[in-house]
Amino acid sequence: MVKEFLYRGIPKEELDSMSLEKLFLLFNSRQRRSLTRGITDGKRKLIEEIKAAKAGKVKNPIKTHVRDLIVLPYMVGVTVNVFSGKEFRPVNITTEMIGHYLGEYVITNKRVSHGAPGVGASRSSLYVPLK
């Protein structure tokens, strides 16, 4: 039996039918402030693309640099390619992401794997023959 996802005790079906004003009250203060201050043109364009993708009108994958868009219930089920600073990474939006930012799911830095120390890295490496 799969556990049903509840956002603050409310199932997804109710979240879909809820008005945006009531939905905003469920979010944390940071998300509430961001949404009540207004939506920029870039965010508005991305929201329209997501709605078109849900309706099945968009064939190409959605690519965006907008990382500070808050995931709302109607966005669930869409895959968005979010820019990580170097490349676009696909993010499949699920119900657990509601109320979070898109950028939280695309890491902007990668793990550093250090190699061997170079010449001059320490006092003893001065006496290492080069070849």
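**A loop valine and the salt bridges of helix α4**

In this predicted model, V71 sits in the loop that runs between β3 (62-64) and β4 (79-83). The residue counts as buried because its relative accessibility is 0%, and buried here means under 20%. Leaving aside residues up to four places away in sequence, V71 is in contact with F27, I93, M97, I98, G99, H100 and L102. Between V71 and F83, which are 12 residues apart along the chain, the C-alpha atoms are separated by 16 Å.

Attention now turns to charged pairs. Side chains of opposite charge can pair when their charged atoms come close. Across the whole structure, a search finds 5 salt bridges. One of them involves the loop that also holds V71: D68 pairs with K43, with the closest N and O atoms 3.6 Å apart. Since D68 lies in the loop between β3 and β4 and K43 in helix α4, this pair ties together parts that are 25 residues apart in sequence. D68 is partly exposed, at 40% relative accessible area, whereas K43 counts as buried at 10%.

Helix α4 (residues 41-55) also contains R44 and D41, which are 3 residues apart and so separated by about one helical turn. These two residues form a salt bridge whose closest N and O atoms are 3.5 Å apart. R44 is partly exposed at 43% relative accessibility, while D41 is exposed at 64%.

A further salt bridge joins E49 to K45, with 3.9 Å between the closest N and O atoms. Both residues lie in helix α4, 4 residues apart, or about one turn of the helix. E49 is partly exposed at 26%, and K45 is exposed at 55%.

Notes:
Residues are numbered from 1 along each chain as its sequence is written. This is a predicted model: local features need pLDDT of at least 70, side-chain atom pairs count only at pLDDT 80 or more; totals for chains, interfaces and linings use all residues. Side-chain values use heavy atoms; hydrogens and water are left out. Helices (H or I, at least four residues) and strands (E, at least two) are DSSP runs, numbered from the N terminus. Buried means under 20% relative accessible area, exposed over 50%, partly exposed in between (1.4 Å probe, protein chains only). Contact means heavy atoms within 4.5 Å. A salt bridge is a side-chain nitrogen of Lys or Arg within 4 Å of a carboxyl oxygen of Asp or Glu.
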